[in-house]
Amino acid sequence: MKKVLLAVATVAFIFGMASCDKKCHCKTYVNGEVVSENDFEIDDDVDKKCSDFTATTEINDKLNGVKCR
């Protein structure tokens, strides 16, 4: 019984360490042109989406700011 419990605990630990983090890709725009691109991960326990990190404005029909997906 102890061996079974140890095996179950080991498997649970391995699954706990291999979390399903969400990867986001963000582009930074200046006057409608992409000036940089970045990738980052959001932890599974954080209640946010990639789009929550988007902050853009349009000036003269040109996109400025950061857009994440």
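Is aspartate 43 buried, partly exposed or exposed, and what is its relative accessible area? Select this residue in the predicted model. Aspartate 43 is partly exposed, with a relative accessible area of 43%; the category follows because partly exposed lies between the limits of 20% and 50%.

Next, display the surroundings of aspartate 43 in the chain. This residue sits in the loop that joins strand 2 (33-42) to strand 3 (55-59). Add Glu41, Asp44 and Asp45 to the selection: together with Asp43, these residues form a negative surface patch.

Proceed to the loop between strand 3 and strand 4, where asparagine 60 is found. Its phi is near 55°, a positive value in a residue other than glycine. Asparagine 60 counts as exposed, at 71% relative accessibility.

Now select aspartate 61, which is placed in the loop between strand 3 and strand 4. Aspartate 61 is not a glycine, yet has a positive phi of about 60°. With a relative accessibility of 73%, aspartate 61 counts as exposed.

Zoom out to the whole chain. The protein contains one helix and four strands, in the order α-β-β-β-β from the N terminus. Of its 69 residues, 10% are buried.

Finally, colour the model by pLDDT. The average for the protein is 81, and 71% of the residues score at least 70. Select helix 1 (residues 2-17), which has the lowest mean pLDDT among the elements, 51. Then select strand 4 (residues 62-68), where the mean is the highest among the elements, 96.

Technical notes: Residues are numbered from 1 along each chain as its sequence is written. This is a predicted model: local features need pLDDT of at least 70, side-chain atom pairs count only at pLDDT 80 or more; totals for chains, interfaces and linings use all residues. Side-chain values use heavy atoms; hydrogens and water are left out. Patches are made of residues with over 30% relative accessible area and no salt bridge: like charges are joined within 9 Å, nonpolar side chains (Val, Leu, Ile, Met, Phe, Trp, Tyr) within 5 Å. Accessible areas come from the Shrake-Rupley method with a 1.4 Å probe; for residues, only the protein chains shown count as cover. A salt bridge is a side-chain nitrogen of Lys or Arg within 4 Å of a carboxyl oxygen of Asp or Glu. Lys and Arg count as positive and Asp and Glu as negative; His and the chain ends are not counted. The place of a charge is taken as NZ of Lys, CZ of Arg, CG of Asp or CD of Glu. Helices (H or I, at least four residues) and strands (E, at least two) are DSSP runs, numbered from the N terminus. Buried means under 20% relative accessible area, exposed over 50%, partly exposed in between (1.4 Å probe, protein chains only). pLDDT is the predictor's confidence in each residue, from 0 to 100.
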